[in-house]
Amino acid sequence: MPLDQSLDQLLRWYMDAGVDEAIGEKPLDRFALSAKPAAAAARPVQAPADRAAAPPLAPAHAPAAGHAIPGTAAHIAAECRTLEELRRAMEGFDALPLKRTARSTVFADGNAEAEVMVVGEAPGAEEDRHGLPFIGKSGKLLDRMLASIGLDRDSVYITNVVPWRPVENRKPTPDEVAVCLPFVTRHIDLVDPRLLILLGGAAASALLARHEGINRLRGRWFDYSAPGLPRPIPAMATFHPAYLLRTPAAKREAWRDLLQVRKRLESGH
Ligand code: URA
(Lines give C-alpha, C1' and ligand atoms only; values in the text may rest on other atoms or scores of the structure.)
Protein backbone atom coordinates (compact mmCIF):
# COMPACT_ATOMS: atom_id res chain seq x y z
CA MET A 1 0.00 0.00 0.00
CA PRO A 2 1.45 3.47 -0.84
CA LEU A 3 2.70 5.36 2.24
CA ASP A 4 0.25 8.31 1.99
CA GLN A 5 -2.68 5.87 1.76
CA SER A 6 -1.60 3.94 4.85
CA LEU A 7 -1.04 7.21 6.79
CA ASP A 8 -4.51 8.28 5.75
CA GLN A 9 -5.94 4.99 7.05
CA LEU A 10 -4.01 5.32 10.30
CA LEU A 11 -5.41 8.83 10.86
CA ARG A 12 -8.92 7.57 10.15
CA TRP A 13 -8.41 4.74 12.61
CA TYR A 14 -7.35 7.26 15.28
CA MET A 15 -10.38 9.45 14.53
CA ASP A 16 -12.75 6.45 14.73
CA ALA A 17 -11.21 5.63 18.10
CA GLY A 18 -12.01 9.17 19.31
CA VAL A 19 -8.49 10.60 19.05
CA ASP A 20 -9.19 14.03 17.61
CA GLU A 21 -6.38 16.17 18.99
CA ALA A 22 -2.57 15.94 19.20
CA ILE A 23 -1.50 17.17 22.63
CA GLY A 24 2.23 16.53 22.47
CA GLU A 25 5.03 15.75 20.07
CA LYS A 26 6.21 12.65 21.93
CA PRO A 27 4.19 9.77 23.38
CA LEU A 28 3.62 10.02 27.12
CA ASP A 29 3.46 6.94 29.36
CA ARG A 30 0.62 7.94 31.69
CA PHE A 31 0.84 4.65 33.62
CA ALA A 32 4.40 5.56 34.58
CA LEU A 33 3.30 9.09 35.51
CA SER A 34 0.46 7.96 37.72
CA ALA A 35 3.00 5.83 39.64
CA LYS A 36 4.64 9.12 40.78
CA PRO A 37 2.22 10.76 43.24
CA ALA A 38 4.73 13.51 44.08
CA ALA A 39 4.50 14.88 40.52
CA ALA A 40 0.71 15.09 40.71
CA ALA A 41 0.82 16.72 44.15
CA ALA A 42 3.07 19.47 42.78
CA ARG A 43 0.52 20.56 40.18
CA PRO A 44 -0.27 24.21 40.97
CA VAL A 45 -3.65 24.41 39.23
CA GLN A 46 -6.34 21.79 38.99
CA ALA A 47 -9.85 21.45 37.70
CA PRO A 48 -11.75 19.95 40.65
CA ALA A 49 -13.30 17.23 38.52
CA ASP A 50 -10.08 16.36 36.77
CA ARG A 51 -7.46 15.70 39.41
CA ALA A 52 -6.11 12.52 37.86
CA ALA A 53 -5.27 14.15 34.51
CA ALA A 54 -1.95 15.38 33.14
CA PRO A 55 0.87 16.71 35.32
CA PRO A 56 2.14 20.31 34.94
CA LEU A 57 4.25 21.45 32.01
CA ALA A 58 6.21 23.86 34.17
CA PRO A 59 5.73 25.78 37.41
CA ALA A 60 2.96 28.28 36.75
CA HIS A 61 4.44 31.00 38.92
CA ALA A 62 7.73 32.66 39.78
CA PRO A 63 9.61 31.60 42.91
CA ALA A 64 10.09 34.26 45.59
CA ALA A 65 12.92 36.66 44.72
CA GLY A 66 15.20 35.10 47.35
CA HIS A 67 14.98 31.71 45.60
CA ALA A 68 15.44 32.88 42.01
CA ILE A 69 18.69 33.41 40.12
CA PRO A 70 19.54 37.14 39.88
CA GLY A 71 19.03 38.51 36.37
CA THR A 72 16.36 35.97 35.43
CA ALA A 73 12.79 36.98 34.71
CA ALA A 74 11.73 35.11 37.85
CA HIS A 75 14.02 37.18 40.06
CA ILE A 76 13.27 40.49 38.37
CA ALA A 77 9.50 39.92 38.42
CA ALA A 78 9.42 38.81 42.04
CA GLU A 79 11.08 42.06 43.11
CA CYS A 80 8.42 44.26 41.49
CA ARG A 81 5.95 45.69 43.99
CA THR A 82 3.73 47.70 41.61
CA LEU A 83 2.47 47.47 38.04
CA GLU A 84 4.63 50.43 37.11
CA GLU A 85 7.74 48.69 38.49
CA LEU A 86 6.81 45.57 36.56
CA ARG A 87 6.31 47.53 33.35
CA ARG A 88 9.71 49.20 33.74
CA ALA A 89 11.40 45.91 34.59
CA MET A 90 9.95 44.25 31.49
CA GLU A 91 10.97 47.18 29.31
CA GLY A 92 14.53 46.80 30.61
CA PHE A 93 14.68 43.02 30.20
CA ASP A 94 17.00 42.04 27.37
CA ALA A 95 17.56 38.31 27.79
CA LEU A 96 15.03 37.22 25.16
CA PRO A 97 15.84 37.69 21.43
CA LEU A 98 12.14 38.52 20.79
CA LYS A 99 12.57 41.63 22.87
CA ARG A 100 15.32 42.88 20.57
CA THR A 101 13.26 42.49 17.39
CA ALA A 102 10.07 43.97 18.85
CA ARG A 103 9.32 47.67 18.70
CA SER A 104 7.32 47.77 21.94
CA THR A 105 6.91 45.98 25.22
CA VAL A 106 3.15 45.48 25.03
CA PHE A 107 2.28 45.64 28.72
CA ALA A 108 -1.48 45.98 29.17
CA ASP A 109 -4.65 47.88 28.39
CA GLY A 110 -7.88 48.49 30.28
CA ASN A 111 -8.61 49.01 33.93
CA ALA A 112 -6.20 47.51 36.47
CA GLU A 113 -8.98 47.74 39.10
CA ALA A 114 -11.38 45.68 37.00
CA GLU A 115 -12.79 42.37 38.23
CA VAL A 116 -11.88 40.57 35.01
CA MET A 117 -8.37 40.08 33.65
CA VAL A 118 -7.97 38.75 30.10
CA VAL A 119 -4.71 37.08 29.05
CA GLY A 120 -3.88 36.49 25.37
CA GLU A 121 -0.89 35.00 23.59
CA ALA A 122 1.47 37.62 22.13
CA PRO A 123 1.17 40.94 20.32
CA GLY A 124 0.80 41.17 16.55
CA ALA A 125 2.04 43.90 14.22
CA GLU A 126 -0.58 46.51 15.17
CA GLU A 127 -0.09 45.90 18.87
CA ASP A 128 3.69 46.14 18.47
CA ARG A 129 3.33 49.42 16.60
CA HIS A 130 1.09 51.03 19.23
CA GLY A 131 2.30 49.24 22.37
CA LEU A 132 -1.22 48.09 23.31
CA PRO A 133 -2.67 44.57 23.37
CA PHE A 134 -5.53 43.45 21.14
CA ILE A 135 -6.03 46.47 18.95
CA GLY A 136 -5.85 44.73 15.55
CA LYS A 137 -8.47 42.47 13.95
CA SER A 138 -8.45 39.98 16.84
CA GLY A 139 -8.81 42.88 19.25
CA LYS A 140 -11.92 44.15 17.43
CA LEU A 141 -13.47 40.72 17.77
CA LEU A 142 -12.39 40.52 21.41
CA ASP A 143 -14.16 43.85 22.04
CA ARG A 144 -17.35 42.42 20.50
CA MET A 145 -17.04 39.23 22.54
CA LEU A 146 -16.65 41.24 25.74
CA ALA A 147 -19.52 43.54 24.77
CA SER A 148 -21.77 40.48 24.36
CA ILE A 149 -21.48 39.93 28.12
CA GLY A 150 -21.63 43.60 29.03
CA LEU A 151 -17.87 44.23 29.40
CA ASP A 152 -15.51 46.70 27.79
CA ARG A 153 -11.99 48.04 28.27
CA ASP A 154 -13.11 49.99 31.34
CA SER A 155 -14.37 46.84 32.99
CA VAL A 156 -11.55 44.45 32.03
CA TYR A 157 -7.76 44.49 32.16
CA ILE A 158 -5.95 42.92 29.18
CA THR A 159 -2.44 41.53 28.81
CA ASN A 160 -0.57 38.71 27.05
CA VAL A 161 1.59 35.78 28.15
CA VAL A 162 4.38 37.07 25.90
CA PRO A 163 4.72 40.87 25.76
CA TRP A 164 6.92 41.03 22.66
CA ARG A 165 5.83 40.39 19.10
CA PRO A 166 7.24 37.22 17.52
CA VAL A 167 8.40 38.19 14.03
CA GLU A 168 6.04 37.36 11.15
CA ASN A 169 3.28 36.72 13.67
CA ARG A 170 4.47 33.18 14.40
CA LYS A 171 3.36 31.54 17.61
CA PRO A 172 5.75 32.08 20.53
CA THR A 173 7.78 28.93 21.20
CA PRO A 174 7.31 27.03 24.48
CA ASP A 175 10.75 28.30 25.56
CA GLU A 176 9.76 31.91 24.89
CA VAL A 177 6.56 31.40 26.86
CA ALA A 178 8.53 29.82 29.72
CA VAL A 179 10.93 32.79 29.89
CA CYS A 180 8.01 35.26 30.03
CA LEU A 181 5.88 33.26 32.47
CA PRO A 182 7.25 34.88 35.67
CA PHE A 183 6.32 38.31 34.27
CA VAL A 184 2.73 37.42 33.50
CA THR A 185 2.24 35.54 36.77
CA ARG A 186 3.58 38.53 38.72
CA HIS A 187 1.28 40.71 36.61
CA ILE A 188 -1.67 38.59 37.76
CA ASP A 189 -0.48 38.77 41.41
CA LEU A 190 -0.35 42.55 41.26
CA VAL A 191 -3.74 43.00 39.58
CA ASP A 192 -5.34 40.24 41.69
CA PRO A 193 -8.54 40.10 39.60
CA ARG A 194 -11.71 38.31 40.61
CA LEU A 195 -11.79 36.26 37.39
CA LEU A 196 -9.35 35.33 34.63
CA ILE A 197 -10.24 34.73 30.98
CA LEU A 198 -7.47 32.88 29.13
CA LEU A 199 -7.58 33.28 25.36
CA GLY A 200 -6.24 30.34 23.38
CA GLY A 201 -4.02 27.37 24.04
CA ALA A 202 -0.78 29.25 24.75
CA ALA A 203 -2.26 31.27 27.62
CA ALA A 204 -4.37 28.41 28.95
CA SER A 205 -1.70 25.73 29.01
CA ALA A 206 1.01 28.05 30.35
CA LEU A 207 -1.04 29.54 33.17
CA LEU A 208 -2.96 26.41 34.08
CA ALA A 209 0.19 24.27 33.65
CA ARG A 210 -1.78 21.71 31.65
CA HIS A 211 -0.79 19.56 28.69
CA GLU A 212 -4.19 19.45 27.00
CA GLY A 213 -5.06 21.61 24.00
CA ILE A 214 -7.59 24.42 24.11
CA ASN A 215 -10.39 22.15 22.86
CA ARG A 216 -10.17 20.25 26.13
CA LEU A 217 -9.43 23.18 28.43
CA ARG A 218 -12.10 25.60 27.25
CA GLY A 219 -15.49 25.91 28.85
CA ARG A 220 -14.36 24.68 32.30
CA TRP A 221 -13.51 26.55 35.47
CA PHE A 222 -10.02 26.07 36.86
CA ASP A 223 -8.53 27.48 40.03
CA TYR A 224 -5.46 29.54 39.22
CA SER A 225 -3.28 29.65 42.35
CA ALA A 226 0.05 31.31 42.98
CA PRO A 227 2.07 32.01 46.14
CA GLY A 228 1.64 35.77 45.62
CA LEU A 229 -2.17 35.56 45.68
CA PRO A 230 -4.34 35.57 48.79
CA ARG A 231 -6.68 32.95 47.26
CA PRO A 232 -7.11 31.01 44.00
CA ILE A 233 -8.66 32.91 41.10
CA PRO A 234 -11.35 31.19 38.98
CA ALA A 235 -10.07 30.96 35.40
CA MET A 236 -12.06 30.24 32.22
CA ALA A 237 -10.18 29.30 29.06
CA THR A 238 -11.77 29.91 25.69
CA PHE A 239 -10.83 30.13 22.02
CA HIS A 240 -8.50 32.91 20.91
CA PRO A 241 -10.27 35.55 18.76
CA ALA A 242 -7.72 34.97 15.96
CA TYR A 243 -8.83 31.35 15.85
CA LEU A 244 -12.47 32.45 15.82
CA LEU A 245 -11.77 34.72 12.85
CA ARG A 246 -10.45 31.69 10.97
CA THR A 247 -13.07 29.28 12.34
CA PRO A 248 -16.36 31.15 12.78
CA ALA A 249 -18.19 27.90 13.56
CA ALA A 250 -16.35 27.81 16.91
CA LYS A 251 -17.89 31.13 17.99
CA ARG A 252 -20.89 29.31 19.44
CA GLU A 253 -18.67 27.54 21.98
CA ALA A 254 -16.73 30.72 22.78
CA TRP A 255 -19.97 32.57 23.45
CA ARG A 256 -21.08 29.75 25.73
CA ASP A 257 -17.81 30.10 27.67
CA LEU A 258 -18.35 33.83 28.01
CA LEU A 259 -21.89 33.29 29.26
CA GLN A 260 -20.39 31.21 32.06
CA VAL A 261 -18.18 34.18 32.91
CA ARG A 262 -21.21 36.48 32.93
CA LYS A 263 -23.13 34.09 35.15
CA ARG A 264 -20.25 33.84 37.61
CA LEU A 265 -19.85 37.61 37.76
CA GLU A 266 -23.56 37.98 38.42
CA SER A 267 -23.56 35.26 41.06
CA GLY A 268 -20.99 37.16 43.11
CA HIS A 269 -18.85 33.98 43.69
N1 URA B 1 -3.24 38.31 19.79
C2 URA B 1 -2.88 38.20 21.09
O3 URA B 1 -2.84 37.11 21.65
N4 URA B 1 -2.58 39.32 21.73
C5 URA B 1 -2.63 40.51 21.18
O6 URA B 1 -2.35 41.48 21.87
C7 URA B 1 -3.01 40.60 19.84
C8 URA B 1 -3.32 39.49 19.15
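Leu83, Leu86 and Met90 in helix 5 meet a set of residues in helix 9, namely Phe183, Arg186, His187, Leu190 and Val191. Sorted by character, the residues of this contact comprise six that are nonpolar, one that is polar and one that is charged. The model is a predicted one, and the points below take up the geometry of this helix pair, the largest nonpolar core, and the surroundings of Gly200.

**How helix 5 and helix 9 pack**

- Helix 5, covering residues 83-91, packs with helix 9, covering residues 174-191, at an angle of about 165 degrees, and their axes lie 10 Å apart.
- Because angles over 145 degrees count as roughly antiparallel, helix 5 and helix 9 are roughly antiparallel to each other.
- The crossing in which helix 5 passes helix 9 is left-handed.

**The largest nonpolar core**

- The largest nonpolar core holds 64 residues, of which Val118, Val119, Trp164, Leu196, Leu198 and Leu207 touch the most other members.
- Helix 9 gives the most to this core, contributing seven residues.
- Leu196, when its neighbours within four places in sequence are left aside, is in contact with Met117, Val119, Ile188, Tyr224, Ile233, Pro234, Ala235 and Met236.

**Gly200 and its surroundings**

- Gly200 has its place in helix 10, which covers residues 200-208.
- With a relative accessibility of 4%, Gly200 counts as buried, since buried means under 20%.
- Not counting residues up to four places away in sequence, Gly200 touches Ile214, Thr238, Phe239 and His240.
- Gly200 and Ala242 are 42 residues apart in sequence, while their C-alpha atoms are 8.9 Å apart in space.

Technical notes: Residues are numbered from 1 along each chain as its sequence is written. This is a predicted model: local features need pLDDT of at least 70, side-chain atom pairs count only at pLDDT 80 or more; totals for chains, interfaces and linings use all residues. Side-chain values use heavy atoms; hydrogens and water are left out. Axes are lines fitted to C-alpha atoms, for helices over the stretch in contact, and angles run from 0 to 180 degrees between N-to-C directions. Helices (H or I, at least four residues) and strands (E, at least two) are DSSP runs, numbered from the N terminus. Angles under 35 degrees count as roughly parallel, over 145 as roughly antiparallel, 65 to 115 as roughly perpendicular and the rest as oblique. A crossing is left-handed if the near helix is turned anticlockwise from the far one by less than a right angle, and right-handed if clockwise. Contact means heavy atoms within 4.5 Å. Ala, Val, Leu, Ile, Met, Phe, Trp, Tyr, Cys and Pro count as nonpolar, Asp, Glu, Lys and Arg as charged, and the others, Gly among them, as polar. A nonpolar core is a set of buried Ala, Val, Leu, Ile, Met, Phe, Trp, Tyr and Cys residues joined through side-chain atoms within 4.5 Å. Buried means under 20% relative accessible area, exposed over 50%, partly exposed in between (1.4 Å probe, protein chains only).
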